[in-house]
Amino acid sequence: KVYGGKHFGFIVEANLEQRGWAENFDGEPFSYSRTINYVQIPFMSHIYFGRRHKFFINLGPSVSFKIGDSVKSNFELRECRIEFPISPVHTSQQYGYPTKGTVDFGISGGLGGEIGLTRRHSIYLEARYYFGIANVLPAGRTDHFKSSNPMALSITLGYWFRIK
């Protein structure tokens, strides 16, 4: 929902978001992927230019609530002593770690455009970047990782209709 004035407003959204990663083992017979599902609620300023066809910038904080996660692997995670002879940059520490926390805070920013079809209907396209402040995996002094902040780039194509 957009609240505001002539060229400035606020947007509050509720999004279902799926984050995670998949590992590439460079020809090895292993596969691993982790998926984490969130409900994301961004609170963003909405600066726009134009009347019927608009260009806009969205920027603001976001809070995400983890609603579940899953792991897919073709090797035993409890015995994740995999050696990577081809690439020394691979590590196996993240396979045994559970995801950390249920709440993630971050910053979202996006650029986009809106094409007005009628006075109450329009189509929009937005590219948005998200940077999370909380770590996905444990990242303390004694943990293997020093940081595991989530980052995401998303592209959204949508249809807006205005009730008023």
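Let me start with the cavity: the residues that line the largest one are Ile36, Tyr38, Lys66, Thr99, Lys100, Gly101, Val103, Asp104, Ala134, Asn135, Val136 and Pro150. A lining residue has an atom within 4 Å of a cavity point, and a cavity is a set of points, on a 1 Å grid over the protein atoms alone, where a 1.4 Å probe fits but cannot get out. This is a predicted model, in which local features need pLDDT of at least 70 and side-chain atom pairs count only at pLDDT 80 or more, while totals for chains, interfaces and linings use all residues. Residues are numbered from 1 along each chain as its sequence is written, and side-chain values use heavy atoms, with hydrogens and water left out.

The structure holds 1 cavity of 30 Å³ or more, and the volume of the largest is about 80 Å³. Volume here is the space filled by probe spheres set on the grid points, which are joined across faces, edges and corners. Its lining divides into 6 nonpolar, 3 polar and 3 charged residues. Nonpolar covers Ala, Val, Leu, Ile, Met, Phe, Trp, Tyr, Cys and Pro, charged covers Asp, Glu, Lys and Arg, and the others, Gly among them, are polar. Which strands each supply at least two residues of that lining? They are β4 (32–49) and β6 (103–116).

Now the fold. The protein chain has 0 helices and 8 strands. Both are DSSP runs numbered from the N terminus, helices being H or I of at least four residues and strands E of at least two. Of the 164 residues in the chain, 34% count as buried, meaning under 20% relative accessible area, with exposed over 50% and partly exposed in between (1.4 Å probe, protein chains only).

Next, the pairing around β6 and β7. Two strands pair if DSSP finds at least two bridges between them. Strand β5 (residues 53–73) and β6 are antiparallel over 13 bridges, and Leu59 has Gly109 as its bridge partner in β6. β6 and β7 are also antiparallel, over 11 bridges, and a hairpin joins them through 4 residues. On that side, Gly109 is bridged to Tyr129 in β7, and Gly116 to Ser122. β7 in turn pairs with strand β8 (residues 151–161) in the antiparallel sense over 11 bridges, where Ser122 has Trp160 as its partner.

In a regular strand the side chains alternate between the two faces of the sheet. In β6, Asp104, Gly106, Ser108, Gly110, Gly112, Glu114 and Gly116 point to one face and are buried, whereas Val103, Phe105, Ile107, Gly109, Leu111, Gly113 and Ile115 point to the other and are not. In β7 (residues 121–132), the buried face carries Ser122, Tyr124, Glu126, Arg128, Tyr130 and Gly132, and the other face, not buried, carries His121, Ile123, Leu125, Ala127, Tyr129 and Phe131.

Last, the rings. There are 4 aromatic pairs in the structure. The centres of Phe49 and Phe55 are 6.5 Å apart and their planes at 15 degrees, so this pair is stacked. The criterion for rings of Phe, Tyr and Trp (its six-membered ring) is centres within 6.5 Å, with planes under 30 degrees apart stacked, over 60 edge-to-face and the rest tilted. Phe49 is partly exposed at 45% relative accessible area, and Phe55 is partly exposed at 40%. Phe56, Tyr124 and Trp160 form one aromatic cluster.

Note on methods
On a 1 Å grid over the protein atoms alone, a cavity is a set of points where a 1.4 Å probe fits but cannot get out, and a pocket is an open set with protein on both sides within 12 Å along at least five of seven lines; lining residues have an atom within 4 Å of a point.
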